[in-house]
Amino acid sequence: MKKLIAISFALCLVVALAGPALAGEAKTVTLEGEIICAMCTLHEEGAKKCQNVLVVKKDGQEAHYYLAKNDADKEFGMVCKGPKAVQVTGEVSEKDGKMWLAATKIVSSEG
C-alpha cells in the first residue's frame, strides 16, 4: 500500500512539473483590435459571466484572445455595451484550447 501511495505521489509530481513546460512559454505581444464581451456580444455557448475578448482581424481571419482578469483589464472595464477599438500589450498563452492575453497595458484607439 505504501508503494502504491509513493508511486501515485511521484506521478502527480511529474504531471504538476511537466504541465507548464508542455503548455509553452508565454510571449509578450502588442495587438490591435476590438474588445467585446464573450457573453453579451459573441453569445458564446457556456458563457455564464461577462468576459472581455480581444478580436484581432488579419487577412480576413478573426482571432479571439480572452483577457485574463488582472489590474489592466479591471482598470479598462467591461465592454458589454459595444465594441471598443484598442491596442493591448501583454503575454499570450494557450489554455483549454483558447488563446489568453494577460494584458499589461490597454490603450483605447478611439478619440
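These legends walk through several close-up views of one predicted model.

**View 1. The whole chain, as a starting point.** Before zooming in, let us get our bearings. The protein chain holds 2 helices and 5 strands, and reading along the sequence gives the pattern α-β-β-β-α-β-β. Of its 111 residues, 25% count as buried. Among contacts in the protein chain with a separation of 6 or more, 50% are between residues 24 or more positions apart. The chain exposes about 8100 Å², and carbon and sulfur atoms supply 58% of that area.

**View 2. The hairpin of β2 and β3.** Here you can follow two strands that run antiparallel, β2 and β3, joined by 6 bridges. One pairing to look for is V55 with its bridge partner H64 in β3. The two strands form a hairpin with 2 residues between them. In the turn, D59 has a positive phi of about 55 degrees. A salt bridge also appears in this view: K57 and E62 come together with their closest N and O atoms 4.0 Å apart. K57 is exposed, at a relative accessible area of 61%.

**View 3. A63 and its neighbours.** Now find A63, a residue of strand β3 (residues 61-67). Is A63 buried or exposed? It falls in between: A63 is partly exposed, with a relative accessible area of 26%. Leaving aside residues up to four places away in sequence, A63 touches L54, V55 and V56. For a sense of scale, A63 and V53 are 10 residues apart in sequence, while their C-alpha atoms are 9.8 Å apart in space.

**View 4. The largest nonpolar core.** This core has 15 residues, and those with the most contacts inside it are L31, I35, L54, Y65, V88, L101 and I106. Each of β1, β2, β3, β4 (84-95) and β5 supplies at least two residues of the core. Apart from it lies another core, of 5 residues, including I36, A38, V53 and Y66. Look back at L54 in the largest core: not counting residues up to four places away in sequence, its contacts include L31, I35, Y65, V88 and L101.

**View 5. Where β3 meets β5.** These two strands run parallel, with 3 bridges joining them. To spot the pairing, start at L67 and look across to L101, its bridge partner in β5.

**View 6. A salt bridge between distant parts of the chain.** How many salt bridges does the structure hold? There are 2, and this view shows the one in which the side chains of E44 and K98 meet, at 3.5 Å from N to O. E44 sits in the loop between β1 (27-37) and β2 (52-58), K98 belongs to strand β5 (residues 98-108), and the two are 54 residues apart. E44 counts as partly exposed, at 22% relative accessibility. K98 is partly exposed too, with a relative accessible area of 32%.

**View 7. D73, a buried residue without a salt bridge.** Our last stop is D73, in helix α2 (residues 71-76). Which side chain of opposite charge is nearest to D73? It is K69, 4.6 Å away. D73 has no salt bridge because a salt bridge needs the nitrogen and oxygen within 4 Å. Not counting residues up to four places away in sequence, D73 touches N52, L67, A68 and I106.

Definitions and conventions
Residues are numbered from 1 along each chain as its sequence is written. This is a predicted model: local features need pLDDT of at least 70, side-chain atom pairs count only at pLDDT 80 or more; totals for chains, interfaces and linings use all residues. Side-chain values use heavy atoms; hydrogens and water are left out. Helices (H or I, at least four residues) and strands (E, at least two) are DSSP runs, numbered from the N terminus. Buried means under 20% relative accessible area, exposed over 50%, partly exposed in between (1.4 Å probe, protein chains only). Lys and Arg count as positive and Asp and Glu as negative; His and the chain ends are not counted. Contact means heavy atoms within 4.5 Å. A nonpolar core is a set of buried Ala, Val, Leu, Ile, Met, Phe, Trp, Tyr and Cys residues joined through side-chain atoms within 4.5 Å. Accessible areas come from the Shrake-Rupley method with a 1.4 Å probe; for residues, only the protein chains shown count as cover. Two strands pair if DSSP finds at least two bridges between them.
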